[in-house]
Amino acid sequence: MCGIVGYVGKKQALEVVVAGLRRMEYRGYDSAGIAVISGGHLEVRKKAGKLVNLQTLLGSDPLPNSTTGIGHTRWATHGGPTDSNAHPHVSEDGTVAVIHNGIIENFAELRGELTAAGVTLTSETDTEVVAHLLAKTLPAAGNDLVAAMRQVCGRLEGAFTLVAIDPRQPDLVVGARRNSPLVVGVGVGENFLASDVSAFVDHTRNALELGQDQIVVLTAASIRVMDFAGNPVEARPFTIDWDASAVEKGGHDLFMLKEIAEQPKAVADALLGRVGNDGRIQLDEMGLDDQALRDIDKVVVVACGTAAHAGMVAKYAIEHWTRIPVEMELASEFRYRDPIVNARSLVIAISQSGETMDTLMALRHAKDQGAKTLAICNTVGSSIPREADAVIYTYAGPEIAVASTKAFLTQIIAAYLVGLYLAQVREVMPGEDIAAVLADLADMPGKVDLVLDTVEPVRALAREFAGAPSVLFIGRHVGFPVALEGALKLKELAYMHAEGFAAGELKHGPIALIEDGVPVVVIVPSPAGRAILHDKIISNIQEVRARGARIIAIAEEGDEKINDYADHVIRVPVVPPLMAPLVATVPLQVFACEMATAKGHDVDQPRNLAKSVTVE
Ligand code: F6R
């Protein structure tokens with residue numbers, strides 16, 4: 001949430017920062033702003049709304065030449081999306097400009113202190129207090145921005161990434177981080193700071209991870225990292241293993257369409273190198289020893305949103321393969337309810353961004369209880385994998401559209417690999433059965449490709465139902481989390497009432513929602529899998545159809561029986577039951593994307609949302 005960019009070097013800071021903000025806009029788009037140092041003073045431009053509004057302002061009120069600058073794109077927390085609440089915030093005396101991602105929890109107290117000292121605050125944000133605190137601290141800190149930042153950070157509670165500049169030290173950009181993301185881009189004669197590497201991948205693929213409670217000081221020629229006490233810290237370098245084209249639309253109209261289309265490759269990449277020549281799963285990178293995995297007596301998955309749906313899918317598979325009890329818990333609930341986890345629990349945190357605060361806090365709570373922790377994550381170097389005992393990366397490549405697509409499929413793949421690995425080390429599944437599942441997984445890129453070839457009718461249906469007041473989704477077994485995911489996609493993109501239900505649960509209340517013409521999307525289990533599930537869902541279809549529902553069935557090729565019960569049938573390839581979410585989800589993504597487009601919504605940046613939710 002909130003995108004941050006900082007630059008110092010030889011290029012025009014304006015260009016580097018605005019290009020970086022364009023890449024960061026997926027993190028928040030309530031306002032955008034930029035500050036540069038020129039001629040010994042700060043120049044700031046900021047504007048409510050999307051980045052394009054700032055660019056228009058810059059057209060009429062250009063910034064002077066400068067090689068040091070910071071920029072911010074905001075997802076509002078304290079104070080509405082107005083010009084005055086936009087970042088950067090500048091101290092009353094004009095000496096320091098600050099941008100911030102996170103929430104400063106003791107801001108009211110600090111604001112009171114500043115007001116009592118006669119400072120006039122001009123915004124409703126928590127961030128502005130930092131600008132004034134820095135300005136007040138600077139004289140006693142010998143006008144050294146680094147020393148002032150260290151002192152001010154010591155007074156802040158909550159989560160923050162802060163980046164500040166001061167025209168008296170025009171070649172310096174100072175960043176600080178606690179619980180919010182910040183990475184360093186290492187250039188030649190220039191250096192970068194950003195919420196994630198996509199902001200600077202055009203300029204360098206060399207980066208540094210920053211840890212908790214660290215400060216980074218950039219000049220064009222140097223990078224210093226220290227803790228809040230000022231002790232030097234060695235930052236871990238890493239190389240970005242994709243290039244700038246991965247964060248461009250690549251001929252697609254929308255990032256979401258591009259990311260939907262990338263799913264066969266993403267699934268293939270998630271599987272790459274995970275099976276050895278001997279046919280055994282190798283998750284060497286994971287770093288949990290096999291004995292620890294033999295000793296666990298339960299698995300708890302913590303995640304949010306789409307990642308939680310992937311966790312729900314994984315629960316069905318991991319329990320089936322390993323016979324270890326698996327709990328799936330929304331990360332935001334986990335630590336506040338005194339969960340029973342201990343040294344014999346494996347807590348798996350699933351997160352695309354690796355920065356979701358709810359998930360990070362759940363992970364920390366699990367660690368505090370002595371649990372073994374494993375991250376399933378897409379973003380190398382982010383907080384969740386850094387803090388977990390072990391990590392499996394999903395290798396989906398950057399996901400820019402706010403609505404998650406390829407991350408979901410690859411999270412399922414990674415969680416399945418973990419489940420099969422547990423079965424392998426605990427010797428609870430014959431080797432040939434594991435090999436058979438791995439062969440099924442290996443087929444999935446091709447199957448997802450087939451789905452993509454046949455989604456045109458889905459688009460037509462989405463346009464047909466765009467005027468519906470609500471859409472319900474039902475499924476059984478792994479089709480249930482798919483139903484939840486289909487409904488989530490529709491809510492967040494088409495802004496319409498949509499709900500997912502376990503099909504059997506409908507008659508216990510939600511069936512009262514059914515009235516004439518209500519579209520119900522049914523994730524139909526394979527008749528060749530567990531036939532009983534197919535029979536049961538047909539009964540559920542009849543229950544809602546009898547009350548006027550219009551049925552859109554997502555059913556596998558060859559399931560002719562469904563034709564008698566559905567108004568529309570979307571076909572997906574035949575796959576084993578546990579693989580069904582990997583194909584059945586894709587038409588639902590397309591359905592939501594097309595419906596949002598038909599309604600004229602901004603698909604990649606839906607209202608009120610941000611990717612990477614770094615506040616609790
Ligand atoms: C929905 C969506 C969100 C995320 C959730 C967790 O399309 O993208 O529900 O899945 O905010 O995000 P990560 O996976 O980054 O932890």
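1. How far is an oxygen atom of the ligand from an N or O atom in the side chain of Lys489? In this predicted model, the distance is 3.0 Å. Two other side chains can be listed beside Lys489. For Thr356, an N or O atom of the side chain is 2.5 Å from an oxygen atom of the ligand. For Ser353, the corresponding distance is 2.7 Å.

2. The cover over the ligand can be stated as an area. On its own, the ligand exposes 400 Å², and 88% of that is buried by the protein. Helix H9 (305-322) and helix H16 (479-494) are the elements that contribute two or more residues each to the shell around the ligand.

3. The shell can also be read residue by residue. There are 15 residues around the ligand, and those that come nearest are Ser351, Gln352, Ser353, Thr356 and Glu492. Ser353 and Thr356 thus appear both in this group and among the side chains with distances given in point 1. By character, the shell residues are five nonpolar, eight polar and two charged.

4. Next comes the open sheet. Five strands make it up, in the order S16-S15-S17-S18-S19, with parallel pairing. At the edges are strand S16 (326-330) and strand S19 (390-393), each of which pairs on one side only. From one strand to the next, the twist averages 20°. As general background, the strands of a sheet pair through backbone hydrogen bonds, either parallel or antiparallel.

5. One pair in this sheet can be followed in detail. Strand S18 (residues 372-377) pairs with S19 over four bridges, in the parallel sense. A place to look is Leu374, which stands opposite Ala390 in S19.

6. Two helices lie across strands of the sheet. Helix H11 (residues 357-368) lies across strand S15 (298-303), strand S17 (345-351) and S18, and its direction is at about 165° to S17. Helix H13 (residues 406-425) lies across S15, S17, S18 and S19, running at about 145° to S18. Strands S15, S17 and S18 are therefore crossed by both helices, taking contact as heavy atoms within 4.5 Å.

7. Which sense of pairing do strands S12 and S13 show, parallel or antiparallel? Strand S12 (residues 214-218) and strand S13 (residues 223-227) are antiparallel, with five bridges between them. A hairpin of four residues connects S12 to S13. Within the pair, Ile215 has Met226 in S13 as its bridge partner.

Conventions. Residues are numbered from 1 along each chain as its sequence is written. This is a predicted model: local features need pLDDT of at least 70, side-chain atom pairs count only at pLDDT 80 or more; totals for chains, interfaces and linings use all residues. Side-chain values use heavy atoms; hydrogens and water are left out. Two strands pair if DSSP finds at least two bridges between them. Axes are lines fitted to C-alpha atoms, for helices over the stretch in contact, and angles run from 0 to 180 degrees between N-to-C directions. A residue is near a molecule or strand if one of its heavy atoms lies within 4 Å of it. A polar contact is a pair of N or O atoms within 3.5 Å; within protein, one must be able to donate a hydrogen and the other to accept it, and residues adjacent in sequence count only if both atoms are side-chain atoms. Accessible areas come from the Shrake-Rupley method with a 1.4 Å probe; for residues, only the protein chains shown count as cover. Ala, Val, Leu, Ile, Met, Phe, Trp, Tyr, Cys and Pro count as nonpolar, Asp, Glu, Lys and Arg as charged, and the others, Gly among them, as polar.
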